[in-house]
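Reader: I'd like to learn how to read a model with two chains. Can you walk me through it, one feature at a time?

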Amino acid sequence: MPVRVVETSAPSQVSGGDSGSTCPQPCTLLSVGQAFSGTQNVSNKHIDEAWRVNVRIQGCDLDHGYLCGTMEALNVPMADTPVITFWEGEIVDTKNYTFFTGKWEATPEDDIKQWSKFPSFSPLQSQVEADGGKSLNLSNYPYIFMRWKELYFVNVGTDCGLTIAGFYYVCFSCSDGSINGFYYDPNSSPFQKLELKSTNEGRPGFSFSSYELQ
Amino acid sequence: MLVTLSLPSSTSHEITLPLSTMPASVSPAASTIRPSTDTLIRLASSDHGVQLKALRDVKNQIIGNRTKKLVYIKLGAVPAVASVLADALDGSGHSSTDLLVQSAAALGSFACGVDAGVRAVLDSGALPCLIQLLSNHDEKVIGSAARSLKLLYQSKLAPKYDLSENGSVELLHSLLNSENENANGLAASIIAHSCKASAEQKAFCLNGILAKLIDLLGGSISQRDASLESLASIMKSNHEVASQFVKYERGQALNLLVNLTNERSTRTRLLACACLITLRNVSSTYLRGRGTETKLVRYLVELLEEPGQVGEEASFALSSFIEDDEHLQKLAFDANAIDVLCNHLQKDPLQPKRLEGILIALARMCSRLEFCRAKFLQMQAFNSVSEALHHDCADVRGAACICMRNVTRSVQNLSAGFFMNENIVIPLLELLHDPNPFIQLEALCAISNIVVNFRTSNSSFIRWGGLKQLVQLSVSMDPAIRSNSLCAIRNLTFEADNKCKAEVFKELTASSLASLVSDPDPSVQEQALAIVRNLTGGSLESIQYAFAEGGIILDAVQRQLECASTVESGIQGIFVLSNVASGRDAHKDAVMDRLLHNMGSGSNPPYLLRFMQSNDSRLRTASLWLVVNLASPSCMGASRRIAKLRKAGVVSQLKIMVKDPCLDVKVCRAGAWHFFPLKPSFEPIADYSPGNFFLSAASSDDHTGSVPDLRRQLKIELFMCIALRIFPVLLHSCPSGCPIPFGLKTRNSILLLSTSITDPFATSS
């Protein structure tokens with residue numbers, strides 16, 4: 001069912017959910033301090049391995065479609081220690097960023113091909129192919145699409161044998177806090193899939209911290 | 001503040017030669033003459049030559065010398081000079097002209113930059129005399145009077161120019177029309193001084209001044225410049241006047257103004273830009289569709305390169321133009337403003353005013369856009385900002401602090417620990433004691449950003465004494481300082497390790513934190529609650545902080561929630577309870593007891609229900625997380641807490657929230673909802689087989705012996721699947737211990753979950 005939403009109900013009297021905005025709404029599970037853990041599966045005819053991955057959100061600015069954080073990869077064969085990278089995310093909100101990347105050697109065809117790997121993208125596909133999804137109203141869509149680009153290694157040198165030349169197409173599910181992603185690098189052939197779930201790091205419940213920049 | 005000097009005795013330093021016998025050629029240098037009552041005697045002399053000399057002596061001594069000005073003012077020199085002026089007005093001849101010129105100049109000098117001087121000149125009654133001089137036939141007299149009046153009108157103590165007074169409008173017109181640039185400058189000063197309020201601006205328009213100013217945009221350079229300055233004053237923040245200007249002769253005035261941005265004279269270009277900025281600040285529509293904004297930014301960036309006052313003022317004009325406007329900041333970025341500013345910043349030495357202007361402009365550029373901050377840091381001029389923190393001039397230090405504050409909003413660089421550097425932090429900590437309160441506050445805000453660290457330890461900051469200083473400031477008399485120092489501590493505790501939290505808690509203390517939670521200032525309350533929230537987040541043992549000293553912090557949080565004065569305090573307070581409730585059974589029960597106590601008090605609606613009904617989605621969401629954590633089946637006592645929540649009306653409220661417009665609320669509500677069984681009564685059962693959902697009539701006091709309803713069974717199974725899908729973490733991330741089967745059984749249904757049971761206050765294993 002197409003999810004190009006035309007607002008038929010009257011604008012709500014309550015706040016937080018700006019009724020005029022078509023951008024994704026805030027989601028507590030995708031806010032600063034939130035942690036995710038799971039695996040990155042690297043698979044091709046030569047190798048088939050899974051790294052454990054932990055991700056933590058450090059910055060989130062929905063007005064600018066910006067997200068950032070760290071990614072920690074454990075049991076990486078080429079590395080003696082866990083490898084941590086810092087990444088920045090572009091949130092596809094049709095205002096700051098569309099489904100078309102426009103850089104990082106990703107063509108619109110590449111974009112459609114990668115986004116199509118997410119089942120949650122299929123209702124949006126026709127509109128995205130038509131206009132990049134600019135006319136979509138994503139404010140009530142329970143998935144947030146992003147691109148994550150690792151910028152630098154935090155704790156190892158660039159000679160660690162790993163590359164961060166590519167980027168991830170990412171889909172976050174607002175309803176269960178899960179993250180799925182596909183790594184794209186035209187110069188790197190393995191199929192790499194990221195699967196993460198929200199974690200509360202050993203607590204029998206969810207805890208949330210916050211900071212405020214002046 | 002008057003400076004009192006211990007003056008040398010008059011017999012030792014005063015000039016005692018009879019004045020009449022002193023040839024002018026051997027008169028001592030003015031700088032060696034001490035202020036004395038002898039000067040007053042000479043000013044009162046009937047000999048014009050003596051008076052003239054005395055005037056020159058006074059004038060030459062006081063120019064640029066604040067101390068001497070104050071001494072002469074105290075001696076009563078100003079009335080004496082005013083008296084010379086008044087007498088000379090009645091006189092004629094060359095000597096009178098000289099006396100007029102010198103006395104006017106002296107009075108202007110007294111008024112320049114010294115409030116006591118302005119008061120003395122006004123009190124002496126010299127103002128009408130000076131104004132009278134503007135009609136003099138001698139250009140030198142007019143020039144001297146105009147310069148002095150301009151200096152007077154630059155002071156806020158000067159009276160407003162009264163257009164209703166006889167002849168005042170004509171005088172203003174004549175000043176504007178004059179070929180004398182001092183007269184033109186005076187007119188601009190008068191208008192700038194007298195056009196603060198909207199009614200005043202309108203009065204100037206009604207008296208034909210607006211039309212005259214527009215007309216003079218085509219006049220001589222000084223007339224044009226004076227007009228531009230005056231127009232900016234008249235239109236500032238005034239929709240009516242700005243609109244009149246824009247519509248004047250179908251936009252001809254605006255076109256003329258835009259054209260003046262291309263003038264050869266850099267001063268004219270700058271003033272024209274400033275005038276356009278004033279228009280845009282009234283309404284962005286005035287410049288729309290002309291590409292004027294892009295051109296304005298480009299012109300201002302070019303003018304940054306000009307030497308002297310134009311270059312200085314260009315940076316302030318650029319700052320005021322781009323302030324708070326991302327679109328304009330982007331235009332300035334595209335015009336290479338950051339490159340130009342950084343190149344100037346690295347030149348040495350810079351005049352304080354220019355340095356201040358550059359720092360403020362960089363601060364505005366970096367206020368909102370990450371790519372601007374990235375560019376600035378790439379230019380490697382950041383060291384110059386750190387150095388400016390030590391500058392002698394307070395305005396420069398203040399500008400450096402604002403720049404620091406804005407650049408340290410870069411999360412990428414905070415994450416890299418770029419700013420946690422003693423060359424940056426230690427000077428900022430020193431500025432917390434700056435005599436200027438504005439600088440203290442800006443330094444505090446910069447520190448508050450820097451201590452947000454995600455990976456690097458804050459031990460350096462603590463070692464440099466930063467934490468101690470923040471805690472000291474948390475009890476400042478100034479609520480802004482209190483609130484901002486607490487915000488810094490909040491940021492310090494964000495995702496902090498146990499060692500850092502322990503240090504913060506030890507320094508701040510439980511009693512102080514409890515007291516700050518109850519502070520009369522709402523923003524202080526909010527930040528204090530946020531600190532407690534951060535302290536209780538993270539590792540499980542952190543929850544202990546809420547219970548320190550018999551739970552005084554939690555009690556204070558409870559009291560604050562009962563009378564939450566702001567939404568922000570409510571959000572932070574509820575998240576404190578939610579974080580505590582994310583712990584073990586005893587933690588959850590402690591929170592539950594407090595909720596029940598509130599619900600039992602009866603006087604107001606319970607805060608949990610109030611918050612679930614709030615207009616603010618963040619508060620509704622926070623409340624739901626509390627419900628989720630309380631109702632979570634991950635701990636043994638979930639069933640009794642669920643019963644209590646149901647009895648308190650939470651389930652009814654959850655039902656109402658099914659149509660909440662906010663997606664985050666809906667998701668959280670759905671998660672909470674599925675922890676509440678279909679039927680109220682339930683009890684745990686001991687046996688669990690994963691994936692084996694049965695309707696069971698066994699071992700339940702509520703058992704009716706009825707045939708299991710398959711449809712109901714499937715519905716429950718579906719609910720369970722959804723609940724498991726939504727919050728699987730609650731089932732799999734229990735504290736260590738052997739998983740012990742645990743179940744909830746409702747009549748005709750069984751929901752089976754597993755959890756582990758541990759001592760709620762046991763230390764983590």
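Author: Sure. Let's start with a term: a salt bridge here is a side-chain nitrogen of Lys or Arg within 4 Å of a carboxyl oxygen of Asp or Glu. Keep in mind that this is a predicted model.

Reader: OK, so which residue forms a salt bridge with R490(B)?

Author: That's E212(A), with the closest N and O atoms 3.0 Å apart. Across the interface of chain B and chain A, the rule finds 2 salt bridges.

Reader: And how many residue pairs are in polar contact across that interface?

Author: The rule finds 26 of them, with both residues at pLDDT 80 or more. As for where chain B does its touching, helix 39 (residues 617-631) supplies the largest share of that side, 5 residues. By type, the side of chain B that touches chain A splits into 24 nonpolar, 26 polar and 16 charged residues.

Reader: How do I put a size on the interface?

Author: The size of an interface is often given as the accessible area lost when the parts come together. In this model, about 4400 Å² is buried between chain B and chain A, and carbon and sulfur atoms give 52% of that. On the chain B side, Q412(B), W625(B) and L663(B) lose the most area to chain A, together 13% of what that side buries. If you prefer to count residues, the contact takes 66 from chain B and 46 from chain A.

Reader: Now a single helix. What should I look at in helix 22 of chain B?

Author: Begin with the general idea: an α-helix has 3.6 residues a turn, so residues three or four places apart point the same way. Then check the span: helix 22 (residues 352-365) has 14 residues and reaches 20 Å from its first C-alpha to its last, close to the 20 Å expected at 1.5 Å a residue.

Reader: Is helix 22 of chain B mostly covered or mostly open?

Author: Mostly covered: 12 of its 14 residues are buried. Among them are R354(B), E356(B) and R364(B), along with L355(B), I358(B) and M365(B). The cover includes helix 19 (308-322), helix 21 (337-345) and helix 25 (394-407) of chain B.

Reader: One last residue. Is E90(A) buried or exposed?

Author: Buried means under 20% relative accessible area, and E90(A) has 6%, so it counts as buried. You'll find E90(A) in strand 4 (residues 83-91) of chain A.

Reader: Which side chain does E90(A) join in a polar contact?

Author: The side chain of K103(A), at 2.4 Å. Leaving out residues up to four places away in sequence, E90(A) also touches others, including Y97(A), W104(A), F145(A) and R147(A).

Notes: Residues are numbered from 1 along each chain as its sequence is written. Chains are lettered from A and ligands numbered from 1 in the order in which they are written. This is a predicted model: local features need pLDDT of at least 70, side-chain atom pairs count only at pLDDT 80 or more; totals for chains, interfaces and linings use all residues. Side-chain values use heavy atoms; hydrogens and water are left out. Contact means heavy atoms within 4.5 Å. Buried area is the accessible area (1.4 Å probe) that two parts lose on being put together, summed over both. A polar contact is a pair of N or O atoms within 3.5 Å; within protein, one must be able to donate a hydrogen and the other to accept it, and residues adjacent in sequence count only if both atoms are side-chain atoms. Helices (H or I, at least four residues) and strands (E, at least two) are DSSP runs, numbered from the N terminus. Ala, Val, Leu, Ile, Met, Phe, Trp, Tyr, Cys and Pro count as nonpolar, Asp, Glu, Lys and Arg as charged, and the others, Gly among them, as polar. The expected span of a helix is 1.5 Å times one less than its number of residues. Buried means under 20% relative accessible area, exposed over 50%, partly exposed in between (1.4 Å probe, protein chains only).
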